[in-house]
Amino acid sequence: MSQSSAAIYWRALDRFSEIVTAHPERAAVIYPDGRTESGLPQYRQLTYGELDAWSDVIAERFLDAGLGRGVRTIVLVRPGPELYAVLYGLFKIGAVPVVIDPGMGMFKMLRCLQAADAEAFVGVPEAQALRIVFRAYFRKVRVAVTAGRSLWGGPTLDGWGRTPNGALPQREPGPDDEPLLIAYTTGSTGPAKAVVLTHGNLAAMIEQVDAARDHVPPGTSLITAPVAGILELLLGSRCVLPPLIPSKVGATDPAHVVDAVERFGVRTMFASPAVLIPLLHHIEQTAAPLPTVESIYSGGAPVPDWCIAALRRVLPEQARVYSGYGATEALPMATIESRELLGDLVEQAHHGHGVCVGVPALHVRARVIAITDDPLPNWADVEARSADLATSRGIGELVVAGPNVSTRYLWPVEANLSGKITDGDTVWHRTGDLAWIDDAGRIRFCGRKTQRLETESGPMFTVQVEQVFNTVDGVARTALVGVGTRGAQVPVLCVELEPDADRAAVEDRLRGRRDEFEVTKPVTAFLFHPAFPVDIRHNAKIGREKLTVWAAKQLAD
């Protein structure tokens, strides 16, 4: 059998097999199933042994259908035990799951899935209905399996059962550069792209998560992001999934989160700011203790420093709060713990130095290059523009490379030209983020490249400016946008007020704050918005593009 057709599996699953052998009865996934009489979630659990057997069945059935190594398989299954059984089943045979956030919009999602060129489809009934109605987008799909009740015939996960017929055929570990997973970006700050994550990429993430925890076994983890569950299961965690709607993570009931922490003794939490901020308010109002929590990892969007400071006050003294920085293409890129952040670094951010997101993650290298929208195919192209960094005060586009960093896109192909830089054997990923790196090697995030302003007085960067104004009493958050043509954009600060804040008084304070710092002095207009648009995945990234349109209309009236 040739190398290209040899049966393979993801080598990291050897970790999983060791856990299954040693602790088959340990709970792997603890998930909500109904409610108690008091209205709190009722939970069920799937053990490591059961998850192993169930994923074996799925792998076995796909192999019987002639699917295996490299076969792209669309997975539209809600976060829960089914999702992990399907993903692990596909990983066991070298098939490649394709995952996407349905919240991006139906037709946008359909176009993305069409580009995936998948041969198999695993989805909930609603997803299968979409596949049937829009069958032209899924012409190559030859195996479709329903997670739930099938109204159109065809196999279901339930119908396949959970007991394998026997051991899976002999397979060899896949090479590190073999595609393991195709994950789409949300497109919240640019066009959605299909990111190729390899066997080596995900294996490196496991090492990084384990190292960040000082190699201490995770115990019980609360999971609100599926990728965290994939990694935690390979470290032996009991993964608790609280009730949530993937496209509305911010609507997660904080009382349910507290209940899960208390009921299962959660030691580690993975959550976006959209979950943490309501949780913080709930704890402050109810004085609910979370004595078992030892670490919180947040990502998806910057965590406000006031939230981190408040979490430190309500959590046990020994608890660690990590603010993660990453992207679909590179997760994580950097992390910083609250004790390091809540000092001079926060004050510096409030004075216009950008948000410190920490030093690069384990084995990740980071550099800053001159700002340009042009492709930079080779590092020589980067060096030819190096002098241009002086025109932006040393702030440039952050590029990263490392074992967890994706080196290519499946689609659109042209994104590889605009988003990757070849440097000998190294491929640098252009993050699209603007930053500078301080003398201690820490990354100072200043905003997105696509959202930068080009004014008559020079470039302005969103997050760098907003951090100055976010400290003003009565301000919930701000967003800097540019109105007009590039090179002559008018910097406008959109402001979302705290409840019951006095608008006129807040505006006076904002103008006074503006005059204190050089980076904010060009701001000439302040507009008040009732509720900022946010991204669909984390409900936390501000939709500055939409605010730009709104601000232009306000100024024109």
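These legends go with close-up views of a predicted model.

**View 1. The largest nonpolar core and its best-connected residues.** Here we look into a core of 63 residues. W10, F62, Y88 and L233 have the most contacts inside this core. Helix α3 (residues 81-91) supplies the largest share of the core, with eight residues.

**View 2. The surroundings of W10.** Leaving aside residues up to four places away in sequence, W10 touches F91, L180, H199, L202, A203, I206, I230 and L234. For orientation, W10 is one of the residues with the most contacts inside the largest nonpolar core.

**View 3. A second nonpolar core.** This core is separate from the largest one and has 36 residues. Among them are V240, V266, V321 and I336.

**View 4. Helix α11 and what covers its buried residues.** Within α11 (residues 305-314), the buried residues are D305, C307, I308, A310, L311 and R312. Their cover includes the helices α10 (273-286), α12 (338-341), α13 (344-350) and α16 (462-469), together with the strands β15 (320-327) and β16 (330-337).

**View 5. The crossing of α10 and α11.** The two helix axes come within 10 Å and cross at roughly 40°. That angle is neither under 35 degrees nor within 65 to 115, so α10 and α11 are oblique to each other. The crossing is left-handed. On the α10 side, the contact is made by L276, I277, L280, H281, I283 and E284; α11 contributes W306, C307, A310, L311 and V314. Sorted by class, this contact has nine nonpolar residues, one polar and one charged.

Note on methods: Residues are numbered from 1 along each chain as its sequence is written. This is a predicted model: local features need pLDDT of at least 70, side-chain atom pairs count only at pLDDT 80 or more; totals for chains, interfaces and linings use all residues. Side-chain values use heavy atoms; hydrogens and water are left out. Buried means under 20% relative accessible area, exposed over 50%, partly exposed in between (1.4 Å probe, protein chains only). Helices (H or I, at least four residues) and strands (E, at least two) are DSSP runs, numbered from the N terminus. Contact means heavy atoms within 4.5 Å. A nonpolar core is a set of buried Ala, Val, Leu, Ile, Met, Phe, Trp, Tyr and Cys residues joined through side-chain atoms within 4.5 Å. Axes are lines fitted to C-alpha atoms, for helices over the stretch in contact, and angles run from 0 to 180 degrees between N-to-C directions. Angles under 35 degrees count as roughly parallel, over 145 as roughly antiparallel, 65 to 115 as roughly perpendicular and the rest as oblique. A crossing is left-handed if the near helix is turned anticlockwise from the far one by less than a right angle, and right-handed if clockwise. Ala, Val, Leu, Ile, Met, Phe, Trp, Tyr, Cys and Pro count as nonpolar, Asp, Glu, Lys and Arg as charged, and the others, Gly among them, as polar.
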